[in-house]
Every structure is written in C-alpha cells, then in structure tokens.
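Biologist: I have a fold in front of me and would like to talk it through with someone. Can you take my questions one at a time?

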Amino acid sequence: MKFENTGIETLHIDLNRLDEVMEENAMVRAGQWDYERVTYDHKFQIREGTYYLRVQGYATQGDVGAHDAFIQLMNPILGKHYYPHGVEYGEDEYFPEHLVKQCQQMLEKIYKDLSIFAD
C-alpha cells in the first residue's frame, strides 16, 4: 500500500539529520542501505500479522556509506510480511484500518519533524 500526498515525498534532506529524525520516530535504517539508497522501517506485530511501514529515499548527491549525502525521499509504503518469502505491498493485501490510521499518524509526525530541516 502506497501512502500518497504525505508531503514526505517532497522532502530533500541531509542524511545525518534524516537518520536522527527517523530514529526519534522509531524508524530503523539498520542494514537497509547501499551507497545510493536508504530504507527506514517500522515493524508492527499485530494479531493480523507482521507489517512494515517503510520510507525509502535515494541520494541526489554524496555517498550514503560515508554519511555525506542528500536524500530525496519517496512515497511511504506499507507491506505485509510473509515468511519465508518477504514483504508484499500489493493492492490485494489486507491492511487493517487501525494499522493504516496509526501509520498515517506516524507519517504526519515524521513529515512535521523532517520539514524543519529539508531544503
């Protein structure tokens, strides 16, 4: 499920500030990066299954590995995890309303916190 018009997809931000804000909002980058891309996840384990709220971005300049990059963020997505296959984001997936609402609230706060530092 793709979240449209959150404002997050309009943000261009320094990687170090991005890491700080995402960590404060319980979004984990961990090993989800390469030299040109980053992915932040929040894991939800609820009765209906395991879901991931994911915010991705790509470097417009600099190097993610050197912590010297500016990141253009993309539309956030929500996916359901299926063991051992991975995460599915398709429109035919079931996303509980209470989970979608919680994700929207998280994304609103993330946008507010990030927009202060975005260029």
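What follows is a chat about a predicted model, going through strands, helices, core and a few odd backbone spots.

Biologist: Let's start with the strands. How many bridges join S2 to S3?

Modeller: S2 covers residues 37–46 and S3 covers residues 49–63, and the two run antiparallel. They form a hairpin with 2 residues between them. One pairing to look for is Asp 41 with its bridge partner Arg 54 in S3. The count of bridges joining S2 to S3 is 10.

Biologist: And S3 with S4, which residue in the turn has a positive phi?

Modeller: S4 is residues 68–73, and 6 bridges join S3 to S4 in an antiparallel arrangement. Gly 57, for instance, has Leu 73 in S4 as its bridge partner. This pair is a hairpin too, with 4 residues between the strands. The turn residue with a positive phi, about 55 degrees, is His 67.

Biologist: Is that His 67 buried, partly exposed or exposed?

Modeller: His 67 sits in the loop between S3 and S4. Its relative accessible area is 43%. Buried would need under 20% and exposed over 50%, so at 43% His 67 comes out as partly exposed.

Biologist: What is the bridge partner of Tyr 52 in S5?

Modeller: Tyr 52 is found in strand S3. S3 pairs with S5 (residues 77–82) in the antiparallel sense, over 4 bridges. Within that pairing, the partner of Tyr 52 is Gly 79.

Biologist: Why does Tyr 52 count as buried?

Modeller: Look at its surroundings: leaving out residues up to four places away in sequence, Tyr 52 touches Asp 41, His 42, Lys 43, Ile 77, Leu 78, Gly 79, His 81 and Val 87. Tyr 52 and His 42 are 10 residues apart in sequence, yet their C-alphas are 5.6 Å apart. The cut-off for buried is under 20% relative accessible area. Tyr 52 counts as buried because its relative accessibility is 16%.

Biologist: Now Thr 39. What is its relative accessibility?

Modeller: Thr 39 is found in strand S2. Beyond its neighbours within four places in sequence, Thr 39 is in contact with Val 28, Arg 29, Gln 32, Arg 54, Val 55 and Gln 56. Thr 39 counts as buried, and the value is 12%.

Biologist: On to the helices. At roughly what angle do the axes of H1 and H2 cross?

Modeller: Two packed helices are described by the angle and the distance between their axes. H1 is residues 15–24, H2 is residues 97–115, and their axes come within 10 Å. The crossing is right-handed. The angle is roughly 145 degrees.

Biologist: Which residues in H2 meet H1?

Modeller: From the H1 side, Leu 18, Val 21 and Met 22 take part. The residues of this contact divide into 5 nonpolar, no polar and 1 charged. The H2 residues are Ile 110, Asp 113 and Leu 114.

Biologist: There's an Asp 19 in H1 as well. Is Asp 19 buried or exposed?

Modeller: Setting aside neighbours within four places in sequence, Asp 19 is in contact with Arg 29, Tyr 40 and His 67. Its relative accessible area is 18%. The limit for buried is under 20%, so Asp 19 is buried.

Biologist: Which element gives the most to the largest nonpolar core?

Modeller: That core has 29 residues, and those with the most contacts inside it are Leu 18, Leu 53, Ile 71, Leu 78 and Leu 114. H1, S2, S3, S4 and H2 each supply at least two residues. Ile 71 has contacts that include Leu 11, Leu 18, Val 38 and Val 64. With 7 residues, the element giving the most is H2.

Biologist: Backbone oddities next. Which peptide bond is cis?

Modeller: Most peptide bonds are trans. The cis one here has omega near -5 degrees. Pro 84, on one side of it, lies in the loop between S5 and S6. The bond runs from Tyr 83 to Pro 84.

Biologist: Last one: is Asn 5 buried or exposed?

Modeller: Asn 5 has a positive phi of about 55 degrees although it is not a glycine. Its place is in the segment before strand S1. At 71% relative accessibility, Asn 5 counts as exposed.

Notes. Residues numbered from 1 in each chain as written. Predicted model: local features only at pLDDT ≥ 70, side-chain atom pairs only at ≥ 80, totals over all residues. Heavy atoms only, no water. Axes fitted to C-alpha atoms, helices over the stretch in contact; angles between N-to-C directions. Left-handed = near helix turned anticlockwise from the far one by under 90°. Contact = heavy atoms within 4.5 Å. Nonpolar A, V, L, I, M, F, W, Y, C, P; charged D, E, K, R; others polar. Pairing = 2+ DSSP bridges. Buried < 20%, exposed > 50% of the residue type's maximum accessible area, 1.4 Å probe, protein only. Core = buried A, V, L, I, M, F, W, Y, C linked by side-chain atoms within 4.5 Å.
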